[in-house]
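Please open the structure in your viewer and keep the sequence panel beside it, since this tour moves from one selection to the next. Each stop names what to select and then says what is there.

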Amino acid sequence: MTLLKLNKLFINRSLRSFITPRKYSSFHGANNKATEDVRDLRNIGIIAHIDAGKTTTTERMLYYSGFTKHLGDVDHGDTVTDYMEEERNRGITINSAVVTYHWNKHRVNLIDTPGHVDFTIEVERSVRVLDGAVTILDASAGVEAQTVTVWKQASKHHVPSLIYLNKLDKMGVSVELCLESIRQRLHIEPFLINFPYGPDLQKFQGLVDIVEMAKYEWDLAKSPDGRKFSVHPLTEKSDGKIWEYAMKERSNLIGQLSNTDEKIADEVLLVDSIDKIKTEFVRKALRNATMKRQLTPVLCGSSLKNKGVQPLMNAIYDYLPSPSDREFPFLEYYGSDLCAYAFKTIHDQQKNPQTFFRIYSGIMHSGSDIQNLNRHCKEKVKTLSRILANDYHRITAAHQGDIVCVSGLTETRTGDTVTSKERLARIRPMLRQYEHRHHEEEDSSHDPESHDDLDHDVVLAGLQVPSPVYFCSVEPPSMASQKDLDLALECLQREDPSLKVEVNQETGQTILSGMGELHLEVIKHRILSEFKVDAYMGPLQIAYRETIEDKVTHTETLESTVGGSKHHAGITLTVSPSTDTNRKRNVLFKPLEEKSFMMTPKFRKMYKSAIENAAKTSLSYGPILNFPVINVDVIIHNADLSFDASPNVVAAAVSKCIYSALKRATLHLLEPVMNLEITANQDFSSTVLHDLSTRRAKIERVTQKDDMKVIQATVPLSELRHYSNTLRKITHGQTSLSMEFSHYEEMSEAEKNKAIEEVTGFPVSPELFDSKE
């Protein structure tokens, strides 16, 4: 029986009057033209812990929509969104990938994001431009460590989300335990809007939708790919206890919705029984509550077994917002003119940059000029394309809500805001105010983690990139390859903001800093496979930090003769432990310092800038191991300068003064500490705990989950080199591991000496840091 006939049967059967059936078609192909109404557009992302089934779910969406004719498999390396060689070889998502498909006459721009902590920057820049998200959980594991991280990232940008309990067919699945883990770890109230039925979860036949009071059933013997499914109305007579349970859950849902939606509350008062509330009222109220992030709908399924994906695709349209449903305060500055945000850059085979944009307002035309507000430059849009993973479809114009690719931009970087020439002329006063305020906030105790004002400025907030925790040196195989290596690093750093590239001034070595072992390993392979440079990468080293314990005031005088003129600079400053670790800039000027600058405002500003830059550079290399100095304030008390003192001489005096002050202070080395979560078979939990005790771990929590133990701990990163391999050996592969950066922590004297010897290759001399005067 065709789905069309099933729909007619669904309408004609004697179902309760409040049920409004949905009309299904088997699929809508990629060539079907969707309406251009922005209300029918959805920009959504798939976010989850690693191995929760993000890419597998995405593959099913693309297949059922008609975008692909083949079901890709992660294990086979033939999925649409994992198109990089490294992704297919490793079976994980590394780069966020954008793809567009059509479903039931609406268009969806979908971003498949990585789940590994080393690539969390890909999630951050993706959720920045989304209107909604699908958070996928492995139903046998519930909320995991990276689930919490990506949920926080979505919440930071006020992105509403659906939750999809995937892998229901696995052993040890408990829907109730999943819901409880959502309450405990995500601190929200989940609401199950469909649930599985069948002899057991491992062999569930289908799903019951409590909004529509209907059963979805997949017969994989007749349709192995899960494309065809049947829809039956749920009735008390034929479904008994299932109907009773579904009606109870539906009533609970309506009760919750009536607390947040006046219309459905009024409807409840008009009917003599709550079970007579029409489906259209429930669906609309649930949509409003989801968009306001008051309730979180939870759906079930098994993507690998081809069950439950179509209801999820329908829920994306039913409950997640369109671009016109979102409110962005910054749009008041742009009216109907162009406002677009660059959130990602990749390079084509010729190494030309391809920049991904989210269009928030106005129209972007192919061939037009755009103004970059961050870099104060004009650029030309050479080509404009719809993104289809690693393929592109040329278009002539992009409108509000679109996510598109622009080629030909040489200056634009991730996090930049662009607009039209006409709008630039109108917002120049606001731009000057923004730049002045931005400069003042760098001097203030403005919290960089506060996002209450994220979307209130004329220039959209850029990415906040976490500090790297690993670094290594990189060298070309020969001097002839140096130029190719430089190009590779330039391209990779432009694509990946979490990759830092710098040259050590003392050794001349090029240093790569990244988010983890896997991150830098992937970079090495990409340099070889994409840029054909067999670069040598040194051993991974820990990115330590340095700080001080006490306050030290120091005066330094520097005199120099340049071009026959004598230049004099006397600097008095204090270095002290910072009381505000959120301050963006560490250099503070005393109010009386203006008296020491007996010159015009122009020259005063020039010298202040020289002092600030010198202090910033000096704090980038500490006295212990040349690691950045953090949580330290530099207070400038006095600057005794000759009238024509060179800014370079002033900067040199400041650098020398800060270094001397730091050497006189009590110095500490700080090490990165990681949050660790291990799920181990209880037979091996004692072994794991004993191993952690040898790694200076602090056990935060141990919980029982069926026959598994979940161990949460904080462990210094230096103790976790190749830890996943060790863990696999001692537990015979019966564990899962995830970790993320937590904080920097002061090292003991013994551990500090051990780190110094490891980095320098020499034992620590007792007199090395005994330099107080």
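Which element gives the most to the lining of the second largest pocket? Keep that in mind while you look at the whole chain, which is a predicted model. The chain has 18 helices and 35 strands, and buried residues make up 54% of its 773 residues. Among contacts between residues at least 6 apart in sequence, 73% join residues at least 24 apart.

**The pocket**

Select Tyr-83, Ile-346, His-347, Asp-348 and Gln-349, which are the closest to the centre of the second largest pocket among the 22 residues that line it. The volume of this pocket is about 620 Å³. Now add strands S12, S17, S18 and S20 together with helix H13 (517–531), the elements that each give two or more residues to the lining. It is H13 that gives the most, with four residues, which settles the opening question. If you colour the lining by class, you will find six nonpolar, nine polar and seven charged residues.

**The eight-stranded sheet**

Next, extend the selection to the open sheet, whose eight strands follow the order S16-S15-S21-S12-S13-S20-S17-S18 with antiparallel pairing. At its edges lie strand S16 (377–380) and strand S18 (391–395), each of which pairs on one side only. Looking across the sheet, you can follow a twist that averages 40° from one strand to the next. Helix H12 (residues 482–495) packs on this sheet, where it touches strand S12 (339–347) and strand S13 (353–361), and the direction of H12 makes about 140° with that of S12.

For a closer view of one pairing, select strand S17 (residues 383–388) and strand S20 (residues 403–407), which run antiparallel and are joined by four bridges. Within this pair, Thr-383 has Ser-407 of S20 as its bridge partner. Strands of a sheet pair through backbone hydrogen bonds, so displaying the backbone atoms is a useful choice here.

**A second pair of strands**

Finally, select strand S27 (residues 545–548) and show its side chains: Arg-545 and Thr-547 point one way, Glu-546 and Ile-548 point the other way, and all of them are buried. Then add strand S32 (residues 667–681), with which S27 pairs in the antiparallel sense over four bridges. To locate one of these on screen, pick Glu-546 and look for Leu-669, its bridge partner in S32.

Terms used. Residues are numbered from 1 along each chain as its sequence is written. This is a predicted model: local features need pLDDT of at least 70, side-chain atom pairs count only at pLDDT 80 or more; totals for chains, interfaces and linings use all residues. Side-chain values use heavy atoms; hydrogens and water are left out. Two strands pair if DSSP finds at least two bridges between them. Axes are lines fitted to C-alpha atoms, for helices over the stretch in contact, and angles run from 0 to 180 degrees between N-to-C directions. Contact means heavy atoms within 4.5 Å. On a 1 Å grid over the protein atoms alone, a cavity is a set of points where a 1.4 Å probe fits but cannot get out, and a pocket is an open set with protein on both sides within 12 Å along at least five of seven lines; lining residues have an atom within 4 Å of a point. Grid points are joined across faces, edges and corners, and a volume is the space filled by probe spheres set on the points. Ala, Val, Leu, Ile, Met, Phe, Trp, Tyr, Cys and Pro count as nonpolar, Asp, Glu, Lys and Arg as charged, and the others, Gly among them, as polar. Buried means under 20% relative accessible area, exposed over 50%, partly exposed in between (1.4 Å probe, protein chains only).
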